[in-house]
Amino acid sequence: MTAPRAGAFAVLRYNLDINSTELITRLREEKSVLIVPGDQFELDRHVRIGYGGEPEIVKKGLTLFSELLSELQSRPR
């Protein structure tokens, strides 16, 4: 079996009032998950996620990302 030489990724848009770099910094610091902020590609309010890795690792990372998004949505403005 030959290991893949590339991975898959998606660019996702979100509707929260937080810059993508700030969002990803919080994700990394609070949930130990690393994804790429969209403003590195001039796409603020977007994130780039890789999903070509081990399915359980990807699922865990997405679950933790979802937790942070829920926490941010429920905070008072």
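## A tour from the sheet to the loops

Begin with the strands of this predicted model: three of them form an open sheet in the order 1-3-2, with antiparallel pairing. Strand 1 (9-13) and strand 2 are the edge strands, each of them pairing on one side only. Strands of a sheet pair through backbone hydrogen bonds, either parallel or antiparallel.

Next, select strand 1 together with strand 3, which pair in the antiparallel sense over five bridges. Within this pair, centre the view on Phe9, which stands opposite Gly50 in strand 3.

Keep Phe9 selected and add Val11, Phe41 and Leu43, since these four residues form a nonpolar patch on the surface, whose accessible area together is about 370 Å². Of this patch, Leu43 sits in the loop between strand 2 and strand 3, and because its relative accessible area is 35%, which lies between the limits of 20% and 50%, Leu43 counts as partly exposed.

Stay in the loop between strand 2 and strand 3 (46-50) and move to Arg45, a residue that has a positive phi of about 70 degrees although it is not a glycine. Arg45 is also partly exposed, at a relative accessible area of 28%.

Finish at Ser32, in the loop that lies between helix 1 (20-31) and strand 2 (36-37). Here again the residue is not a glycine, yet Ser32 has a positive phi, of about 55 degrees. Is Ser32 buried or exposed in that loop? Ser32 counts as exposed, because its relative accessibility of 68% is over the 50% limit.

Definitions and conventions
Residues numbered from 1 in each chain as written. Predicted model: local features only at pLDDT ≥ 70, side-chain atom pairs only at ≥ 80, totals over all residues. Heavy atoms only, no water. Helix = DSSP H or I, 4+ residues; strand = E, 2+ residues; numbered from the N terminus. Buried < 20%, exposed > 50% of the residue type's maximum accessible area, 1.4 Å probe, protein only. Patch = residues over 30% accessible without salt bridge, like charges linked within 9 Å, V, L, I, M, F, W, Y side chains within 5 Å. Areas by Shrake-Rupley, 256 points an atom, 1.4 Å probe, with all protein chains shown as cover. Salt bridge = Lys/Arg side-chain N within 4 Å of Asp/Glu carboxyl O. Pairing = 2+ DSSP bridges.
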